[in-house]
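Please look over the sequence and the coordinates below before reading on. The report after them goes through strand pairing, aromatic contacts and charged pairs in turn.

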Amino acid sequence: MRCLVATAFGLAAMAALAQGSPQMNLPRVNLQAGMYRIDAQVAAAPHERQTGLMFRQDMPPHEGMLFVFEQPGVQCFWMKNTLIPLTAAFVADDGSIVNLADMKPLDESSHCSAKPVRYVLEMNQGWFAQRHLKAGAKLRNPLFK
């Protein structure tokens, strides 16, 4: 049954990319960044990571998307078909932010992690700066060791 549900979500994400519509039904996880709560969609499968936040017109201030990779690596992101300005936080296994990258809508320039990471959290641009969260700040959730 679990495989059937995962396959259905996967097919929905691929259909969203093909139709130019945002993926809105990914699983969610709550993260803590200092005193701040983040409601993040989780993009863990390759096709979910590929679509990411493409085609979204807006995103509530406390929401984001957490990209989860199978193993740490230098992760690079771009903004193809992404309509809202975002900041990517490249996150180590222990939840510490390695580096942040502000990204402009529809810009296909690469923004990469400063070292190998397994997680990337995308939030509305300015979210981290407004809360004085920089490289070295820690995200909390049982995902992070």
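What follows is a report on a predicted model, arranged by type of contact.

## The sheet and its strand order

Seven strands make up an open sheet, in the order β6-β5-β8-β3-β2-β1-β9, and the pairing within this sheet is mixed. The edges are taken by β6 (97–103) and β9 (139–140), each of which has a single partner strand, so one side of each is left without a neighbour in the sheet.

At the β6 end of this order, strand β5 (residues 86–91) pairs with β6 in the antiparallel sense, over six bridges. One of the residue pairs that can be located there is A89 with its bridge partner L100, which belongs to β6.

## Strand β2 and its two neighbours

Strand β2 (residues 36–43) is largely enclosed by the rest of the structure, because six of its eight residues are buried. On one side, strand β1 (residues 28–33) runs antiparallel to β2 and is joined to it by six bridges; among the residues involved, A33 has Y36 of β2 as its bridge partner. The hairpin of β1 and β2 has two residues between the strands, and G34 takes a positive phi near 60 degrees in this hairpin.

The pairing of β2 with strand β3 (residues 63–73) is parallel and rests on five bridges. Here A43 can be matched with F67, its bridge partner in β3. In general, the side chains of a regular strand alternate between the two faces of the sheet.

## Aromatic contacts

How many aromatic pairs does the structure hold? There are six aromatic pairs in the structure, and the one between F77 and F90 is edge-to-face, because the ring centres are 6.2 Å apart and the planes stand at 75 degrees. Since F77 lies in strand β4 (residues 76–77) and F90 in strand β5, this pair ties together parts that are 13 residues apart in sequence. Both partners count as buried, F77 at 10% relative accessibility and F90 at 0%. Ring pairs also extend the contact into a cluster that links F67, F69, F77 and F90, and F67 is the residue already met as the bridge partner of A43.

W127 and F128 form a further edge-to-face pair, with 5.1 Å from centre to centre and 85 degrees between the planes. W127 has a relative accessibility of 4% and counts as buried, as does F128 at 2%. A contact of another kind involves Y36, since R131 lies over the face of this ring, at 5.4 Å from the ring centre; Y36 is also the bridge partner of A33 in the pairing of β1 with β2.

## Salt bridges

Side chains of opposite charge can pair when their charged atoms come close. A search of the whole structure gives five salt bridges. In one of them the side chains of R28 and D39 meet at 3.2 Å, N to O, and because R28 lies in strand β1 and D39 in strand β2, the pair ties together parts that are eleven residues apart in sequence. R28 counts as partly exposed, at 39% relative accessibility, whereas D39 is buried, with a relative accessible area of 14%. These two residues are also linked with E63 in a network of salt bridges.

Another salt bridge is formed by the side chains of E70 and R49, at 3.5 Å, N to O. This pair links distant parts of the chain, with E70 in strand β3 and R49 in helix α2 (residues 46–51), 21 residues apart. Is E70 buried or exposed? At 55% relative accessibility E70 counts as exposed, while R49 is buried, with a relative accessible area of 15%. The side chains of D93 and R118 meet in a salt bridge as well, at 2.9 Å, N to O. Here too distant parts of the chain are linked, since D93 is in the loop between β5 and β6 and R118 in strand β8 (residues 117–124), 25 residues apart. D93 is partly exposed, with a relative accessible area of 26%, and R118 counts as buried at 15% relative accessibility.

Terms used: Residues are numbered from 1 along each chain as its sequence is written. This is a predicted model: local features need pLDDT of at least 70, side-chain atom pairs count only at pLDDT 80 or more; totals for chains, interfaces and linings use all residues. Side-chain values use heavy atoms; hydrogens and water are left out. Buried means under 20% relative accessible area, exposed over 50%, partly exposed in between (1.4 Å probe, protein chains only). Helices (H or I, at least four residues) and strands (E, at least two) are DSSP runs, numbered from the N terminus. Two strands pair if DSSP finds at least two bridges between them. Rings of Phe, Tyr and Trp (its six-membered ring) pair if their centres lie within 6.5 Å; planes under 30 degrees apart count as stacked, over 60 as edge-to-face and the rest as tilted. A charge sits over a ring if NZ of Lys or CZ of Arg is within 6 Å of the ring centre and within 35 degrees of the ring normal. A salt bridge is a side-chain nitrogen of Lys or Arg within 4 Å of a carboxyl oxygen of Asp or Glu.
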